[in-house]
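Me: Could you take a close look at one helix in this model for me? I'd like to know how it sits among its neighbours.

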Amino acid sequence: MVIASDYYRTTLNPTESRSRPPLAGSLEVDVCIVGAGLAGINLALSLVERGKRVVVLERGRVGQEASGRNAGFVAKGFAAGDLPLISKAGLAHARELIALTKSARKLIRKRIDDYRIDCGPVKDGVLTVSWHDDPQKMQDRINRANDAFDLGYEFWPRLRVREHCNTEQYYDGSYSPHDFQLNPLKYLLGLAAAAETHGALIFENSEVTDVVRDGARWKARTVAGIVHAKDIVLCGAASMGGLSRRLAYAMAPVRTYIMVSAPMDESVYERSINTPLAIYDTRFASDYYRRLPDGRLLWGGRVSLFSHPANIASLLTQDALKVYPQLRDHLRAEFAWGGVLAYPQHKMPLLARLKDGLWCATGFGGHGICPTAVAGEVLAETLVAPALDQRRLLELFEDFKPGFVGGPFAAVGAQVIYLWWRLRDQLGI
Ligand SMILES: Cc1cc2nc3c(=O)[nH]c(=O)nc-3n(C[C@H](O)[C@H](O)[C@H](O)COP(=O)(O)OP(=O)(O)OC[C@H]3O[C@@H](n4cnc5c(N)ncnc54)[C@H](O)[C@@H]3O)c2cc1C
């Protein structure tokens, strides 16, 4: 059987799936954004909502990379994690950063309502389940995170976890009632359409080949056009290496995978994944999954550093069956795909001024939906009123500079770290 890779595209209506023309000729705007993933489109919307003239240039289609291929978990925090952020930034600073992502969660819901973005059902609740029998560790973690950040996590004892997840593989859980799930490609395309209604111009099939100074301004060139802008923001994630060597060296590309099954009967779910919640486990390379509205199961997991394996569907099916052996006669993959995450060494987004008028909003790793909404607002505030105290918002990200993750050796280093953490997962350390 042929496994397709474009599940989310099959959920689009004709308006959402329309293509956009490439850039042709020359344009003059306030801000030119490179990349139409969640980072670029969130920023475009935040800027046009504040009256800026904006162009977005996308190499392929809007959402063709991680932003249109992800699992759709909308959770506060950053890829760095909430408690590790305290050791990276100190408690007060970490509180301000996490608070930004809590308000981003509200902003996402507000935009879905205000712009009538059809990316639902938006289902509340994300459950983190422990792979190891250590309730005290789970409880301590919840207490520390709630004390530090007022996150509202609830401890779920294993019996309650197993009412939702009928497997002996899991023990206790941490339930986050305010996190939620959505269809990420429909969400992104809804944001893009909203930005366009405010005047943003989005061009597809328009790869930016270079960005250069143009007197006091900048210009971004594509094969068929040029955009002149006061500011350029690089939002191209792991694949825009040619535009900024500094950014290319600051992010390790990490690949991760998703499989979507054929629809399964409700009775099958009642005996296995008997829950509408989005689930992930506590291991370093965790499984993450949720039921889709059409009866399918979305199952994600695994990482690799060099290339996508050929048999993603069967690897992820085996992972799912390890947790839910009762799905053996029912689980059949129909879609499978990989995506690339861009990880800075500190696992925090790179929101920075690279040069006067040249900025970046990238490096969101495996946790991008909330942080890209944060980044859009922070950079928009900075670009709209650069002299005012809004700049302070950007300062919150100053400690997380584009560093050096190893250049051409980044993947080797990341592979070693990944194998080490997998070993720890297996040993239960
Ligand atoms: C399988 C998978 C599951 C995930 N699950 C979740 C999840 O459940 N929840 C969550 O919060 N996050 C999740 N993530 C992470 C999240 O998707 C990313 O953090 C986020 O999408 C990053 O957005 P971005 O805009 O920075 O990058 P991208 O989506 O990669 O967008 C960058 C865009 O820039 C374009 N581009 C690059 N170079 C150029 C150029 N020179 N000219 C023009 N355009 C260019 C690319 O074509 C691309 O469209 C997941 C990611 C993957 C891969």
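Reply: Here is a walk along one helix and then out to its surroundings. First, this is a predicted model, so to speak: local features need pLDDT of at least 70, side-chain atom pairs count only at pLDDT 80 or more, and totals for chains, interfaces and linings use all residues. Residues are numbered from 1 along each chain as its sequence is written.

The helix is H8, residues 184-197; helices here are DSSP runs of H or I with at least four residues, strands are E runs of at least two, and both are numbered from the N terminus. H8 reaches 20 Å from its first C-alpha to its last, close to the 20 Å expected, that being 1.5 Å times one less than its number of residues. Because 12 of its 14 residues are buried, H8 is largely enclosed by the rest of the structure. Buried means 20 or more other C-beta atoms, placed from the backbone, within 10 Å of a residue's own. Among the buried ones are Pro 184, Tyr 187 and Ala 195. Just past the helix, Gly 199 takes a positive phi of about 110°.

What covers those buried residues includes H3, H5, H12 and strand E7, with contact meaning C-beta atoms, placed from the backbone, within 7 Å. Two of these covers, H5 and H12, pack at an angle of about 95° with axes 8 Å apart, the axes being lines fitted to C-alpha atoms over the stretch in contact and angles running from 0 to 180 degrees between N-to-C directions. That makes H5 roughly perpendicular to H12, a label for 65 to 115 degrees. Leu 100 and Ile 108 are among the H5 residues there, and Pro 371 and Val 374 among those of H12.

Definitions and conventions
Contact = placed C-beta atoms within 7 Å. Parallel < 35°, antiparallel > 145°, perpendicular 65-115°, else oblique.
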